[in-house]
Amino acid sequence: MISIRVFTAVAAVMSLFAGQARAQSDGDFQAWSALFVAGPPAENSRLLLWFDGHARFTDDASDLGVSIIRPGLGWRVSDRLDLWAGYARIVSRRDGAPNIEENRIWQQATYPVAELFGGALLGRTRLEQRLRETGADTGWRARQFLRWERRFAGSPVSALVSNELFVNFNNADWGQR
């Protein structure tokens, strides 16, 4: 049996209600949806599989603006550390302009940080090498993600708070600063 964590409830809520958030000052409504799957392909396996896919719609949620496909493989080092590596393909579409197509090689570690306020604080540290056909440089970036989640006893509902910090290590000729 495949042990997989799928956050479909989050994706459904994002799809239904994300359009209520205003983008910049043009009044455009956006809808962002995502699917996350991560875990071992078999019980007690140390090998791990990762996939996340995103569709971000603009123009009052009628046009696909950004698509992200990010597969990866991992290894469970211990109960407290998983190491991962993978590839991502990101396409950003803009009206009247060429698409921005980006390839990313990524490595990451996922780990529990602490038990706080009845919930679990989890961390993900990711390093990315960003490549675009419009430039010769590789953009190096670190991403630090933290997520706190508290499940409510006897309920499928959870409280979840997350944030992610992005740090660019270099300037790239295609625009990373």
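Biologist: Reading from the N terminus on, in what order do the elements of the chain run?

Modeller: This is a predicted model, so take what follows as computed. There are 1 helix and 9 strands to place in the chain. From the N terminus on, the order is β-α-β-β-β-β-β-β-β-β.

Biologist: What share of the 177 residues in the chain is buried?

Modeller: To count as buried, a residue needs under 20% relative accessible area. Of the 177 residues in the chain, the share that is buried comes to 31%.

Biologist: And how much area does the chain expose?

Modeller: Carbon and sulfur atoms supply 60% of the exposed area. The total that the chain exposes is about 11000 Å².

Biologist: Which strand gives the largest share of the nonpolar patch?

Modeller: The patch sits on the surface and is formed by L47, L49, L73, W75, V77 and L83, with about 520 Å² of accessible area together. Two strands, β3 (47-58) and β4 (63-78), each supply at least two of its residues. The largest share is 3 residues, and it comes from β4.

Biologist: L83 is in that patch too, so which strand does L83 lie in, and why does L83 count as partly exposed?

Modeller: L83 lies in strand β5, which covers residues 81-94. Partly exposed is the class between under 20% and over 50% relative accessible area. L83 falls in that class because its relative accessible area is 41%.

Biologist: Among contacts between residues at least 6 apart in sequence, what part joins residues at least 24 apart?

Modeller: A contact here needs heavy atoms within 4.5 Å. Of the contacts in the chain between residues at least 6 apart, the part joining residues at least 24 apart is 42%.

Terms used. Residues numbered from 1 in each chain as written. Predicted model: local features only at pLDDT ≥ 70, side-chain atom pairs only at ≥ 80, totals over all residues. Heavy atoms only, no water. Helix = DSSP H or I, 4+ residues; strand = E, 2+ residues; numbered from the N terminus. Buried < 20%, exposed > 50% of the residue type's maximum accessible area, 1.4 Å probe, protein only. Areas by Shrake-Rupley, 256 points an atom, 1.4 Å probe, with all protein chains shown as cover. Patch = residues over 30% accessible without salt bridge, like charges linked within 9 Å, V, L, I, M, F, W, Y side chains within 5 Å. Salt bridge = Lys/Arg side-chain N within 4 Å of Asp/Glu carboxyl O.
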